[in-house]
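This report goes through one protein model, from a single strand and its partners to the overall dimensions. The sequence and structure come first.

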Amino acid sequence: MESLTLLKKLISFQTINPPGNEYECAAFIGSLLENLGFQTSTYDFAPQRPTLIAKFPLSSNKTPICFTGHMDVVSLGELAWTKNPFSGKIKGDKIYGRGTSDMKAGIAAMIRMVQRLHIEAPSLLENIMFVFTAGEETGCEGAYHVAGLDNVLGKAKALVVGEPTSNYPLIGHKGCVRFDVTTFGKAAHASMPELGDNAVYKAARVIQKLEAFDFNIPSHPLLGEPTLCIGRISGGTNINIVPNRTCMGVDIRTIPNQTHEALKKSLESVLGPDVDVTLLEQVKSIASDPEDKWVQSVFSLMEQLLKIKIEVKTAPYFTDASALHEALGEPPTILLGPGEAGMAHKTDEFCYISKIDEAVEAYIKIVKQDR
Ligand SMILES: [Zn+2]
C-alpha cells in the first residue's frame, strides 16, 4: 500500500481523544504488520484503548530500534473546517485531515518503511520494533501503561518518535509538571464582605508570586530554562457571595534534574502554608547527547537527505518518549516525522505529501545504517 493510501485509511479512523476509540486503528495497523511477519500484542489502558506493540521474531540477539507514534488525535476545535477532516482530501502537495501532521503521517511512513524493507532487505526487519500508543494527547496514558508493565517493552537500541518535525531530527524536549494551586477563604454575603474571607484576593497574591517565581536552576545547554504558566483559574460561585475557594492550574515545563517533589516543596515554601499545592501529572524531559554515535549518524544521513546542515535542536512539545524512554533502557532518542509542527491541533490541519515519502526514506536509512 502506498504511504498516501495508508495515511488516508489511518485518517478515516475517528480517533479523537477523548474518547479515543483507537481499537479499530490498532487492529488495522496490527494486521498489516502481522502480514509482514511481526508478532503483535495489544495492551488496553482502558476498555477499547489499546497500545499496539509489534516485534519481529529475533534470529540473533540484536537490540531493535523502537519506532513510536500515537494513534489518537485532538478534537476538531471550535472553528469550522473547510475540508472533511476524515476523508484525506488532497490539494496540490497537501493532504488535509485531523491527525495528518499530528501524527498519522508519521505512522503511515513507519508502516511503509517495513513494507518496503520486507521486499528490499527482509533481514533488517528484526532490527525494528513498534509502539503505537493510545491516549497520548491526554498525558501519554497508553505509553505510561505499557511502560509500567513487566517484560512487555524490552530494551531498545534507539528511539524514534514520529511527531511532526518536517523531518528535521530533534533530540529532546522539556518535561512537564502540572499542579492545582488552591487558596481558601470563608463565604459571606457580598453586602457584608467583612464577615467573610475572600479566596480570590488571596489568589491574586499567589498569582503575583507565581509570575515572579524563580526556579533557581542553571539553564540547560539543550533545553534552556524551565517555564511556568497559569493556564486556568476558577474562584467563587456567585457574584453576591464572598468566594471561599479559588483554584489555579499551573503548568511547568521542566529541564533535567528538576523533580516534581522538589518543585512542589519550593512552590509550597514560596506560597506559604495556607495555600494547597496538589500534583496533577508529570512527564519527564528528554535530552539525548548530541555527541552520541547513533545521534551523529542520524544527523549525517539527514544532512544528505535534506541537503541542509543539521543543528542541535529540541521540540517545544513533549511526547510519548517521556513515558517510554526509561522503560526502553534510556536509549538515544530523536523526534523525526513528516508532519508540520505548526499544523498540529489546527483547523484544516494538513501534511505535505512529499514529506511523507521523505520520512520513509529517512526511516529506511536509519535502519540500514545500523546493519
Ligand atoms: Zn502528537
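## Strand E6 and its partners

In this predicted model, strand E6 is covered on both faces. Ile-128, Phe-130 and Phe-132 lie on one side, Met-129, Val-131 and Thr-133 lie on the other, and all of these are buried. The strand spans residues 128-133, and six of its six residues count as buried.

E6 pairs with strand E2 (residues 50-55) through four bridges, and these two run antiparallel. Within E2 and E6, Ile-53 is placed opposite Val-131. With strand E3 (residues 65-70) the pairing is parallel and involves six bridges. Here Gly-69 stands opposite Phe-132 of E6. Strands of a sheet are paired through backbone hydrogen bonds, in either the parallel or the antiparallel sense.

## The four-strand sheet

An open sheet is formed by four strands in the order E10-E11-E9-E12, paired antiparallel. E10 (227-235) and E12 (276-283) are the edge strands; each has a single partner strand, so one side of each lacks a neighbour in the sheet. From one strand to the next, the twist averages 20°.

Strand E9 (residues 175-184) and E12 run antiparallel and are joined by seven bridges. Asp-180 has Thr-278 in E12 as its bridge partner. Helix H6 (residues 260-271) packs on the sheet and touches E9, E11 and E12. The direction of H6 makes about 155° with that of E12.

Helix H5 (residues 199-211) lies across E9, E10 and strand E11 (245-254). Relative to E11, H5 runs at about 15°.

## Val-242 in the E10-E11 loop

Val-242 sits in the loop between E10 and E11. Is this residue buried or exposed? Val-242 has 23 C-beta neighbours inside 10 Å, and the cut-off for burial is 20 or more, so Val-242 counts as buried.

Apart from neighbours within four places in sequence, the contacts of Val-242 are Gly-185, Ala-187, Ala-188, Ala-190, Pro-193, Gly-196 and Asn-198. For Ala-187, which is 55 residues away along the chain, the C-alpha atoms of the two residues are separated by 4.9 Å.

## Helices H1 and H9

Two packed helices are described by the angle between their axes and the distance between the axes. For helix H1 (residues 3-12) and helix H9 (residues 353-368), the angle is about 110° and the axes are 10 Å apart. Angles of 65 to 115 degrees count as roughly perpendicular, so H1 is roughly perpendicular to H9.

On the H1 side the contact involves Ser-3, Leu-4 and Leu-7; on the H9 side it involves Ile-353, Ile-356, Asp-357 and Val-360. By class, the residues in the contact of H1 with H9 are five nonpolar, one polar and one charged.

## Overall dimensions

The secondary structure of the protein amounts to nine helices and 15 strands. Its C-alpha atoms fill a box of roughly 80 × 45 × 40 Å along the principal axes. The radius of gyration is 23 Å, which agrees with the value near 21 Å for a compact globule with 371 residues.

Of the 371 residues, 44% count as buried. Among contacts with a separation of 6 or more, 79% are between residues 24 or more positions apart.

How values were computed
Residues numbered from 1 in each chain as written. Predicted model: local features only at pLDDT ≥ 70, side-chain atom pairs only at ≥ 80, totals over all residues. Pairing = 2+ DSSP bridges. Axes fitted to C-alpha atoms, helices over the stretch in contact; angles between N-to-C directions. Contact = placed C-beta atoms within 7 Å. Buried ≥ 20, exposed ≤ 12 C-beta atoms within 10 Å, placed from the backbone. Rg over C-alpha atoms; globule rule 2.2 N^0.38 Å. Parallel < 35°, antiparallel > 145°, perpendicular 65-115°, else oblique. Nonpolar A, V, L, I, M, F, W, Y, C, P; charged D, E, K, R; others polar.
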